[in-house]
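Dear colleague,

Please find below the structure that I am handing over to you. My findings follow it.

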Amino acid sequence: MNIETTLHDKSATITLSGRMDAAHSTTFETTTQSLIAQGATHIIADLTQLTYVSSQGLGAFLAVAKLCTAAGGALLLVNLKGFVKQVFDITRVTPLFRTFDSLDQARQSIS
Amino acid sequence: MTTFHTAALRENLPHVLASVRQILSPAALPESLLLKLDLIVEEVFLNIARHAYPTDQPGPVAIACAPTPTGGVSVEFTDHGTPFDPIAAPPIDLDVPLAQRRIGGMGIVLLKSFTSETRYTRDNNTNRLSFQIPPE
């Protein structure tokens, strides 16, 4: 899995691509902790190129969402689709997040 | 069924996933079914790596898989560790707000959703978990 991040003031965008499995879910959590430590409260996760999430990866999304909430913000999801959406829906995790069709929509919602 | 053996160690997960896909490659199964299979194999293998054997004495796990005549996949995991029935785990509450939502426990929800013919047996100090991923 590849992770790219950009930080703008109190919001950070994190682009996840490939597979979020047991090995990569830890990287996602530590990357996010670092962004929050740098002042981010709202994290926008772009899932456009994310093809797979396991139950460990799903747990990482919940853990990161809890961190963002504790920092006074939220984890926002962009382009939740395909197999990843199927896994989120089955475990009824989808309603716990604000989801958007584009990065612009997600950014406007917190500006 | 084609069987391979490996040590029940978390770091062997990529090898396990690649081996299962390699065994099934002649069946040319759809990627959407293989993603479900990846998820369930990851879940079951990591459970065995975590619970079956003492941390300092990792033991063996045998993984057998085969395509089914109807276009699905049949899988069986066998280990000789501590008795552990993942199907018997109590259900977690999925209808609570984020603050109360547990981080773990979702693997069993996905196992029950993605598999059929799921069966756990314990005999002669052996855990055997078998299941099928049905065709879509």
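How many of the 136 residues of chain B, as a percentage, count as buried? The share is 49%. Please bear in mind that this is a predicted model.

As to its architecture, chain B contains 3 helices and 5 strands. Read from the N terminus, these elements follow the order β-α-α-β-β-α-β-β. Chain B is as compact as a globular protein of its length, because its radius of gyration of 15 Å is close to the 14 Å that the globule rule gives for 136 residues. Along the principal axes, the C-alpha atoms of chain B fill a box of roughly 45 × 35 × 25 Å. If one takes the contacts in chain B between residues at least 6 apart in sequence, 66% of them join residues at least 24 apart.

Turning to the interior, the largest nonpolar core has 71 residues, of which A:F61, A:L75, A:F88 and B:F77 touch the most other members. Helix α2 of chain B (residues 31-51) supplies the largest share of this core, namely 11 residues. Leaving aside residues up to four places away in sequence, B:F77 touches several residues, among them B:V41, B:V44, B:F45 and B:I48, as well as B:L129 and B:F131. There is also a second, separate core of 6 residues, including A:A74, A:L76, A:V78 and A:F100.

On the surface, chain B exposes about 6,700 Å², and carbon and sulfur atoms supply 55% of that area. Chain B carries 10 positive and 14 negative charges, and the mean positions of the two sets are 2 Å apart.

Yours sincerely

Notes: Residues are numbered from 1 along each chain as its sequence is written. Chains are lettered from A and ligands numbered from 1 in the order in which they are written. This is a predicted model: local features need pLDDT of at least 70, side-chain atom pairs count only at pLDDT 80 or more; totals for chains, interfaces and linings use all residues. Side-chain values use heavy atoms; hydrogens and water are left out. Helices (H or I, at least four residues) and strands (E, at least two) are DSSP runs, numbered from the N terminus. The radius of gyration is taken over C-alpha atoms; the globule rule is 2.2 Å times the number of residues to the power 0.38. Buried means under 20% relative accessible area, exposed over 50%, partly exposed in between (1.4 Å probe, protein chains only). Contact means heavy atoms within 4.5 Å. Accessible areas come from the Shrake-Rupley method with a 1.4 Å probe; for residues, only the protein chains shown count as cover. Lys and Arg count as positive and Asp and Glu as negative; His and the chain ends are not counted. The place of a charge is taken as NZ of Lys, CZ of Arg, CG of Asp or CD of Glu. A nonpolar core is a set of buried Ala, Val, Leu, Ile, Met, Phe, Trp, Tyr and Cys residues joined through side-chain atoms within 4.5 Å.
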